[in-house]
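Trainee: Please pick one residue in this model and take me through it closely. Then show me how the rest of the chain fits around it.

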Amino acid sequence: GLVAGTALADELLGVLTKVDVEGKKITVVEKGSEKEVVVTITDKTEQVTKKGANPVDLEKLSKALAKATDAGKKVQVKVEHEKAVASKIQLGGAGKKAQQKKDN
């Protein structure tokens with residue numbers, strides 16, 4: 001039975017807390033456990049958006065995180081990974097709908 005781990009990626013849900021552009025890593029605090037998980041981003045890692053999937057731009061991600069942090073917001077993230085190497089990341093949680101509710 002060594003069939004399991006190959007096709008099935010682990011899913012990590014939580015809050016993005018750190019983007020290491022140089023080291024190509026992101027740090028996510030796992031939802032419900034407060035445990036920091038460091039995930040490696042490779043050239044194959046895709047960032048999934050409503051418009052489709054693109055290679056992850058860590059510079060852009062870092063700026064987005066800084067902007068959200070300055071505004072007192074948390075960046076929710078879903079990461080599909082295998083042995084802490086990300087295959088897909090998806091930012092979510094704070095879309096326009098959440099924004100409107102807050103402003104009213």
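**A close look at I26**

Mentor: Let's start with the company I26 keeps: setting aside neighbours within four places in sequence, I26 is in contact with L16, K18, V19, V37, V38, V39, I41, L58, L61, V79 and I89 (contact means heavy atoms within 4.5 Å). Keep in mind that this is a predicted model, where local features need pLDDT of at least 70 and side-chain atom pairs count only at pLDDT 80 or more, while totals for chains, interfaces and linings use all residues. Residues are numbered from 1 along each chain as its sequence is written, and side-chain values use heavy atoms, with hydrogens and water left out.

Now zoom out a little. I26 is among the residues with the most contacts inside the largest nonpolar core, along with L16, L61, V79 and I89. That core has 18 residues, and a core here is a set of buried Ala, Val, Leu, Ile, Met, Phe, Trp, Tyr and Cys residues joined through side-chain atoms within 4.5 Å. Who supplies them? At least two residues each come from strand 1 (10–20), strand 2 (25–30), strand 3 (36–40), helix 2 (58–70), strand 6 (75–82) and strand 7 (85–92). Helix 2 gives the most, with 4 residues. In soluble globular proteins, nonpolar side chains tend to be buried together.

To place those elements, walk along the chain: there are 3 helices and 7 strands, in the order α-β-β-β-β-β-α-β-β-α from the N terminus. (Helices, H or I with at least four residues, and strands, E with at least two, are DSSP runs numbered from the N terminus.) Of the contacts with a separation of 6 or more, 50% are between residues 24 or more positions apart. Buried residues make up 24% of the 104 in the chain, where buried means under 20% relative accessible area, exposed over 50%, and partly exposed in between, using a 1.4 Å probe and protein chains only.

Next, have a look at strand 3, whose residues V37, V38 and V39 touch I26. Strand 3 has V37 and V39 on a covered face, and E36, V38 and T40 on an uncovered one. In a regular strand the side chains alternate between the two faces of the sheet. Strand 3 pairs with strand 2 in the antiparallel sense over 5 bridges (two strands pair if DSSP finds at least two bridges between them). One of the partnerships is V28 with V37. Between these two strands the hairpin has 5 residues, and G32 takes a positive phi near 80° there.

Just before strand 2 you meet another turn worth a glance. K24 sits in the loop between strand 1 and strand 2, and its phi is near 50°, a positive value in a residue other than glycine. K24 is partly exposed, at 37% relative accessibility. A84 also has a positive phi, of about 65°, without being a glycine; this one is in the loop between strand 6 and strand 7, and A84 is partly exposed at 26%. Most residues other than glycine have a negative phi, and most peptide bonds are trans.

After strand 3 comes a loop leading to strand 4, and T45 is in that loop. Loop or not, T45 is buried, with a relative accessible area of 0%. Its neighbours beyond four places in sequence are T40, N54, P55, V56, A86, S87, K88 and I89. A polar atom of the T45 side chain lies 2.7 Å from the backbone oxygen of A86. From there, strand 4 (residues 46–49) runs antiparallel to strand 5 (residues 52–55) with 4 bridges, one of them between V48 and A53, and 2 residues form the hairpin link.

Over in strand 1 we find E11, which is partly exposed at 49% relative accessibility. Beyond four places in sequence, E11 touches K78, V79 and E80. The C-alpha atoms of E11 and H81 are 6.3 Å apart, though 70 residues separate them along the chain.

Finally, how far to trust it? The mean pLDDT is 85, and 81% of residues reach 70 or more (pLDDT is the predictor's confidence in each residue, from 0 to 100). Over residues 1–6 it stays under 50, with 2 contacts beyond four places in sequence. Residues 94–104 are below 50 too, with 3 contacts beyond near neighbours in sequence. Where pLDDT is low, the predicted coordinates should not be read in detail.

Definitions and conventions. A polar contact is a pair of N or O atoms within 3.5 Å; within protein, one must be able to donate a hydrogen and the other to accept it, and residues adjacent in sequence count only if both atoms are side-chain atoms.
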